[in-house]
Amino acid sequence: MISLYNVCLSFSKRPLMTEFDFIRRYLQKQQSDSEVLLGIGDDAAVIRPRAGFDLCFSSDMFLKNRHFFEDVHPADLAYKVLAVNISDMAAMGAKPRWILLSAGLPDLQENWLEDFCTSLFSLARRFGIMLIGGDTTKGDMVFNITIIGELPQGKALRRDAARDGDDIWVSGQVGLAAAALNHHWQLLKLPSDILEICEQARLRPKPRVALGQLLLPFAHAAQDISDGLAQDLGHILKASAMGAEIFVEQLPTLPQLRGILPEKQLYDCLLAGGDDYELVFTVPESQREEVMKAGKISNTPVCRIGKINRSGRLKMTLADSSELHLNSLGFDHFG
């Protein structure tokens, strides 16, 4: 298995060094993990899971002009390609441990690859993640990461565990990335200072790993917000055979957006825009203090936005008690 990292660092151009020399002399020595029995340099990696832990697997694909703009800086691209996968682990309450990276690239530009790899491995080190394999081929800018995490046996946060009466919570702020995207698409215009904040949220989302792990003892259901809060909460409701009411005015977002955007655009960004990579989760009402404590310990803002009920539908309530209806609940790759 040959990763993009192999290609990136193999540009040392030392005479008589082959790709496989590089893997043996440098890459295999640079990374170590007691659970990885065999890493990069063979046909497959071998992991020996720790006793008492379950493994979580997830995979996300990134395509040019579908998930990122062609002119994106490679450091920002690498960060987001990995961050969105880490966010999946956060939603399960898992600790991310290992990744496999596959990439299709039109050519191999040394400076581009160096920026990409530096950013990717900087984020990986921050979360204690090890690259154990992948593949590289000639293609039109497509990336895929498979991520593997671990968590205490039988403790995963799932979509199908929401219960009647649960509070619904959201981490961080929603709608910023969608506002930035709508600015790029010329559907709205943001002032430069607000655009800068929203762009940071779009390009550098913050995976809520620490919060997810702290929620394990008492949260019921969780999901990361990738395709839109309404749609992703809907996945929890469908899996749990529940309904919910959320209060739109309580949704946490950048305060300036409420003053800048017309109501329709604001609600579309907050509820259907997606690309937030925050967590939406349900917790018994009796555990509100524990949620606040988890937010404080993990340095993560948390906000209570609604309630789970048995209605079988999602109701979005405005400040005047009227119901909000959206044309779309979120992103659909084939929509």
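Colleague: How many residues does this protein have, and what share of them is buried?

Modeller: Keep in mind that we're looking at a predicted model. A residue counts as buried when its relative accessible area is under 20%. Here the protein has 335 residues, and 52% of them are buried.

Colleague: And the outside? What supplies the exposed surface?

Modeller: The protein exposes about 16000 Å², and 51% of that comes from carbon and sulfur atoms.

Colleague: Which helices and strands should I be counting, and how many are there?

Modeller: You'll find 11 helices and 12 strands in the protein. To see how the chain meets itself, take the contacts with a separation of 6 or more: residues 24 or more positions apart account for 84% of those.

Colleague: Let's try a pair of helices. At what angle do helix 5 and helix 6 pack?

Modeller: For a pair like this, you look at the angle and at the distance between the axes. Helix 5 covers residues 176-184 and helix 6 covers residues 192-203; they pack at about 110 degrees, with axes 7 Å apart. Angles of 65 to 115 degrees count as roughly perpendicular, so helix 5 is roughly perpendicular to helix 6. The crossing of helix 5 past helix 6 is left-handed.

Colleague: Which residues in helix 5 and helix 6 meet?

Modeller: From helix 5 come L176, A177, A179, A180, L181, H183 and H184, and from helix 6 come L195, I197, C198, E199, A201 and R202. Sorted by type, the residues of this contact are nine nonpolar, two polar and two charged.

Colleague: Now helix 10. Which of its residues are buried?

Modeller: Here's the general idea: an α-helix has 3.6 residues a turn, so residues three or four places apart point the same way. In helix 10, residues 263-272, the buried ones are L266, Y267, C269, L270, L271 and A272. They pack against several elements, among them helix 5, helix 8 (229-240) and strand 12 (314-317). Just after helix 10 sits G274, with a positive phi of about 75 degrees.

Colleague: D268 is in helix 10 too. What is its relative accessible area?

Modeller: D268 has a relative accessible area of 24%, which means that D268 is partly exposed. Leaving aside neighbours within four places in sequence, D268 is in contact with G273 and L326.

Colleague: How far apart are D268 and A178, in sequence and in space?

Modeller: They're 90 residues apart in sequence, while their C-alpha atoms are 8.5 Å apart in space.

Definitions and conventions
Residues numbered from 1 in each chain as written. Predicted model: local features only at pLDDT ≥ 70, side-chain atom pairs only at ≥ 80, totals over all residues. Heavy atoms only, no water. Helix = DSSP H or I, 4+ residues; strand = E, 2+ residues; numbered from the N terminus. Buried < 20%, exposed > 50% of the residue type's maximum accessible area, 1.4 Å probe, protein only. Contact = heavy atoms within 4.5 Å. Areas by Shrake-Rupley, 256 points an atom, 1.4 Å probe, with all protein chains shown as cover. Axes fitted to C-alpha atoms, helices over the stretch in contact; angles between N-to-C directions. Parallel < 35°, antiparallel > 145°, perpendicular 65-115°, else oblique. Left-handed = near helix turned anticlockwise from the far one by under 90°. Nonpolar A, V, L, I, M, F, W, Y, C, P; charged D, E, K, R; others polar.
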